[in-house]
Amino acid sequence: MQATSTSASGGINRVSQLFSYPFRIFFLSMTVLALFAIPAWVLQVSGSIQLPLAIPGLFWHQHEMLFGFLSAAIAGFLLTAVCVWTQTERTHGIRLALLWGVWLAGRLLLAFGADLPDWLVQGVNLAFLPLVMVDAGWRIWRARQKRQLMILVVLGLLWLMQIGFVSRLDAAFSYGALIVAMTLISIIGGRITPAFSTGWLRQRGLDSSAVRTIPALDMATLFSMVLLLVSLVTGWQTATAVLAILAATLMLVRLAGWKGWLVRKEPLLWILHLSILWVPVALALLAGSILAGWPAAAWTHAAGTGAVGGLILGVIARVSLGHTGRPLVLPKGMVAAFIAIHLAVLVRVLTAFGVIPWHPGIGGSTALWLFAYSVFLIQYTGILTSPRPDGRPG
């Protein structure tokens, strides 16, 4: 009896711990979604299963990866980081549980809501991002941190893409959402990647001044990405190709300044550099799809699987350690997971070009994706559901 009571108490404590900080519940939940949505889509498109989806299968797949998986990652990272930036009390407990409940309800309604009214399914799904923006926005406003407002503006653009997507089921808005996702990577990745690399080099007595950032170049990249979004959504093909090449070039110049090869011995850093490298690759493939008729699936998966999926895996692996008071030492198997996620996108892009046959290509990329995020789930569930070793909140 005592053992049962202790076990139940331990389970309650672990659930309670999940809602002690935004990154815990959202990183764990988005990982579970990543492990469900991809194989479910493959089984759905192959005819092996038939889920009662609220929207057609292809659009469900696109929505869940862009506005389910990505939005949860954004919520976990942003609502954790903004508390540090603004020195405000974290969102936790019932308030966090309610926010997470909105996200979860959206996933369930889309996956199993075939017979439900559109206004309900769309309304719940469209409620999540504004709630995240309000939570982060009032903290930023109170702290008068104007530098952070650009992140909220880009999140607003992502929400507009979601509105267009769920109301029209038009691929132009999913493409636009990928551009917004890469814009977020340009902003947030452009902050943390060179900063972390500089710190790592300095700690080891190496030349940290080699890592360079140029604010004007950062702003030019951001501006080109916003213009690219407008041209893509409005269907201005020639301008889209030109702007994609311009944005890719600017991003490559930035990456060269960050000197990723200097931190190649640290997996928690090279995963960031390598993932962001998929941004200019995706943009070049986008230009090629317009100018040379290359398959659209090549650039969308370079962006979605490589840039977004890779960077998210790298960031959550680091944040989950740092914010739980643990050393920045990767658990066993995570280096293999990092390698697998990039092999997954490489296989998927080659499959899009027909270099690898469709069935083994889709199967192989799916297996690599599942391996990468399964390793994270196995190694980090205990971390995300346990208190900090130092007893502090987090």
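In what order do the elements of the protein chain run from the N terminus on? In this predicted model, the order is α-α-α-α-α-α-α-α-α-α-α-α-α. The protein chain has 13 helices and zero strands. Its radius of gyration is 21 Å, close to the 21 Å given by the globule rule for 394 residues, so the chain is as compact as a globular protein of that length. Along the principal axes, the C-alpha atoms fill a box of roughly 70 × 60 × 45 Å.

Contacts and surface were examined next. Among contacts in the protein chain with a separation of 6 or more, 78% join residues 24 or more positions apart. Buried residues make up 55% of the 394 residues. The protein chain exposes about 16800 Å². Carbon and sulfur atoms supply 69% of that area. The chain carries 25 positive and 10 negative charges. The mean positions of these two sets are 11 Å apart.

The interior holds a largest nonpolar core of 126 residues. Within this core, Phe26, Trp60, Ile179, Leu283, Leu313, Met334 and Tyr373 touch the most other members. Helix H3, spanning residues 57–86, gives the most to this core, with 17 residues. Another core lies apart from it. This other core has five residues, among them Trp200, Leu201, Val211 and Leu269.

Tyr373 shows how distant parts of the sequence meet. Residues up to four places away in sequence are not counted here. Tyr373 touches Met30, Thr31, Ala34 and Leu35, and its partners also include Phe69. Further along the chain, Tyr373 touches Gly309, Ile312, Leu313, Ile316 and Ile341. Of these partners, Leu313 is also among the core residues that touch the most other members.

Ile179 is another of the residues that touch the most other core members. Its place is in helix H7, residues 171–203. Is Ile179 buried or exposed? Ile179 has 0% relative accessibility, and since buried means under 20%, Ile179 counts as buried. Leaving aside neighbours within four places in sequence, Ile179 is in contact with Met225, Leu228, Leu229 and Leu232, and also with Leu283, Leu286 and Trp299. Leu228 lies 49 residues from Ile179 along the chain. The C-alpha atoms of Ile179 and Leu228 are separated by 7.7 Å. Leu283 is itself listed with Ile179 among the residues that touch the most other core members.

Ser71 was considered as a residue of helix H3. Ser71 is buried, with a relative accessible area of 1%. Its contacts, leaving aside neighbours within four places in sequence, are Leu66, Phe128 and Leu129.

Two loop residues stand out for their backbone angles. Most residues other than glycine have a negative phi. Leu169 is not a glycine, yet has a positive phi of about 50°. Leu169 lies in the loop between helix H6, residues 149–168, and H7. With a relative accessible area of 27%, Leu169 is partly exposed. Lys259 also has a positive phi, of about 55°, although it is not a glycine. Where does Lys259 lie? Lys259 is found in the loop between helix H9, residues 237–258, and helix H10, residues 267–291. At 22% relative accessibility, Lys259 counts as partly exposed.

Key:
Residues are numbered from 1 along each chain as its sequence is written. This is a predicted model: local features need pLDDT of at least 70, side-chain atom pairs count only at pLDDT 80 or more; totals for chains, interfaces and linings use all residues. Side-chain values use heavy atoms; hydrogens and water are left out. Helices (H or I, at least four residues) and strands (E, at least two) are DSSP runs, numbered from the N terminus. The radius of gyration is taken over C-alpha atoms; the globule rule is 2.2 Å times the number of residues to the power 0.38. Buried means under 20% relative accessible area, exposed over 50%, partly exposed in between (1.4 Å probe, protein chains only). Contact means heavy atoms within 4.5 Å. Accessible areas come from the Shrake-Rupley method with a 1.4 Å probe; for residues, only the protein chains shown count as cover. Lys and Arg count as positive and Asp and Glu as negative; His and the chain ends are not counted. The place of a charge is taken as NZ of Lys, CZ of Arg, CG of Asp or CD of Glu. A nonpolar core is a set of buried Ala, Val, Leu, Ile, Met, Phe, Trp, Tyr and Cys residues joined through side-chain atoms within 4.5 Å.
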